[in-house]
Amino acid sequence: MDALGLARLQFAVTTSFHFLFVLLTLGLVTVVAVAQTRAAFSANPVHARMTRFWGRLYVVNYALGIATGIVMEFQFGLNWSGLSHYAGDVFGAPLAMETLVAFFLESTFLGLWIFGWDRLNRWAHLALIWLVALTAYASAFWIMVANAFLQHPVGHEERAGVLRLVDFPALLANPLFGTAFGHVVLAALTVGGVFVTGVSAYHFIKRTTEVEFFRRSLRLGVGLTAVVTPPLVALGLGQFPIIDRFQPGKVEHVAPAGAAGLGLMVQIGLVLVLVSWLTVPLLFRDLVVRLRFPLYLMVLGIPLPFAAAVGGWLFRELGRQPWLVHGLLRTEDALSDVGRDSVLLSFIAFTAVFTALAVADWLLIARLVRRGPVDAPAPVSPLVPAL
């Protein structure tokens, strides 16, 4: 590969890695918020224990996901300075909103939630986790606003060879934003539902003594998946007319990797709809546990929504080529003035860092999953030795 091919491959790898962390973070924070809400309104201690258990997994994934996001940001300056120079005034606006309004608030609320356990009023503590969830989705909101601009640039005018933002509301009204953002939100909820389902099934396979705990968790995971997967598929399919209108020929002429990603996403989505709805009746009288075979399928199904999400992301991004800003800036023109060897070195370094972070995330989460629920005082930071 030349420098352009390596830079594109590097960004594809790093964004895909980061996307996986983001999906699980969004899905798990929703599960934790629901569990804590039930704990606040119920005298049953199992809900508080569910909050602690799933909260620990969420905090670990969130912390390592931040590291992947920081690494990914370096690429805009290293490899794609042409994008910043030409469209930074427009493209950078929603990214700044994501950092200042969403991410900083999310981190602050999460810190208060972690260290405020058993120190704050239960209603104040409950409000914090919902604020964490809302700001997490706000972060995804602004990222998708920025991405929609790349897909269909609006709200700008060109002055002296660069784009200037002249209509900020137009970015929010971008026709390639709304349904795509909804699709990402539902994909994250699907990831959370399938993950909770698979982990709960794993403990039933191991004949856990925490039957009530994982029965409720299993019902929550299956119920969440069954509710969100039909609109997920519907929103995904509903984007095709919009794509055909603003990016004619994208579906027919997308690169093979993008076409494969699209096919994978659609097939996995349909499978998840079918399986989740077939599983709902088996929850009655714990038939799914007695049969046992479905439990193994639930564990094996954990990677499926991740694979579908990456496949859909590849289709969305590869279908825009050869444009980085559709119709305005070609990808090759946005490349920084760097040599092939420099890009190759950064690609190897970034991939190694992301691989290490992904392995660390998997090992820490697997360790906590195997340990199961414990009556610890709080879902502490992954840096705390007690974890």
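Ala, Val, Leu, Ile, Met, Phe, Trp, Tyr, Cys and Pro count here as nonpolar, Asp, Glu, Lys and Arg as charged, and the others, Gly among them, as polar. The model shown in every view is predicted.

**View 1. The second largest pocket has a lining of 16 nonpolar, two polar and two charged residues.**
The volume of this second largest pocket is about 640 Å³. Its lining has 20 residues, and F195, I302, F306, W362 and I365 are the closest to the pocket centre. Two or more lining residues come from each of α1, α6 (178–205), α12 and α14 (340–371). Helix α14 supplies the largest share of the lining, seven residues.

**View 2. The largest pocket holds about 1400 Å³ of space.**
Its lining is made up of 47 residues, of which F11, T15, H18, M72 and I143 are the closest to the centre. At least two lining residues come from each of α1 (3–41), α2 (45–78), α3 (81–115), α4 (122–151) and α12 (303–318). Which helix gives the most to the lining of the largest pocket? Helix α1 does, with 13 residues. By class, this lining divides into 29 nonpolar, 12 polar and six charged residues.

**View 3. The whole protein chain folds into 14 helices and four strands.**
The C-alpha trace spans about 65 × 45 × 40 Å along its principal axes. A compact globule of 387 residues would have a radius of gyration near 21 Å, and the chain has 22 Å, so the two agree. Of the 387 residues, 53% count as buried. Take the contacts between residues at least 6 apart in sequence: 83% of them join residues at least 24 apart.

**View 4. Helix α9 covers residues 256–279.**
What span should its 24 residues have at 1.5 Å a residue? The expected value is 34 Å, and the end C-alpha atoms are 34 Å apart, which agrees. The buried residues of α9 are G258, G261, L262, M265, I268, G269, L272, V273, S276 and T279. The elements that cover these buried residues include α6, α7, α8 (250–253), α10 (287–291), α11 (293–300) and α12.

**View 5. S217 sits in helix α7, which runs over residues 211–246.**
Is S217 buried or exposed? S217 counts as buried because its relative accessibility is 0%, and the cut-off for buried is under 20%. Its contacts, leaving aside neighbours within four places in sequence, are M50, W54, V196 and S200. The C-alpha atoms of S217 and G193 are separated by 9.6 Å, with the two residues 24 apart along the chain.

**View 6. L224 also belongs to helix α7.**
L224 has a relative accessibility of 17%, so it counts as buried. Residues up to four places away in sequence are not counted in its contacts: L224 touches V31, L189, G192 and G193. How far apart are the C-alpha atoms of L224 and G327? Their separation is 39 Å, for residues 103 apart along the chain.

**View 7. A cis peptide bond joins Q321 and P322.**
Omega of this bond is about 15°. P322 lies in the loop between α12 and β3 (323–325). Most peptide bonds are trans, and most residues other than glycine have a negative phi. The next two views turn to phi.

**View 8. D118 has a positive phi, near 65°, and is a residue other than glycine.**
Where is D118 found? D118 is in the loop that links α3 and α4. Its relative accessible area is 63%, so D118 is exposed. The cut-off for exposed is over 50%.

**View 9. R285, which is not a glycine, has a positive phi of about 55°.**
R285 sits in the loop between α9 and α10. Its relative accessibility is 70%, so R285 counts as exposed.

How values were computed. Residues numbered from 1 in each chain as written. Predicted model: local features only at pLDDT ≥ 70, side-chain atom pairs only at ≥ 80, totals over all residues. Heavy atoms only, no water. Buried < 20%, exposed > 50% of the residue type's maximum accessible area, 1.4 Å probe, protein only. Contact = heavy atoms within 4.5 Å. 1 Å grid on protein atoms, 1.4 Å probe; cavity = no way out; pocket = protein on both sides within 12 Å on 5 of 7 lines; lining within 4 Å. Points joined across faces, edges and corners; volume = space filled by probe spheres on them. Expected span 1.5 Å × (residues − 1). Rg over C-alpha atoms; globule rule 2.2 N^0.38 Å.
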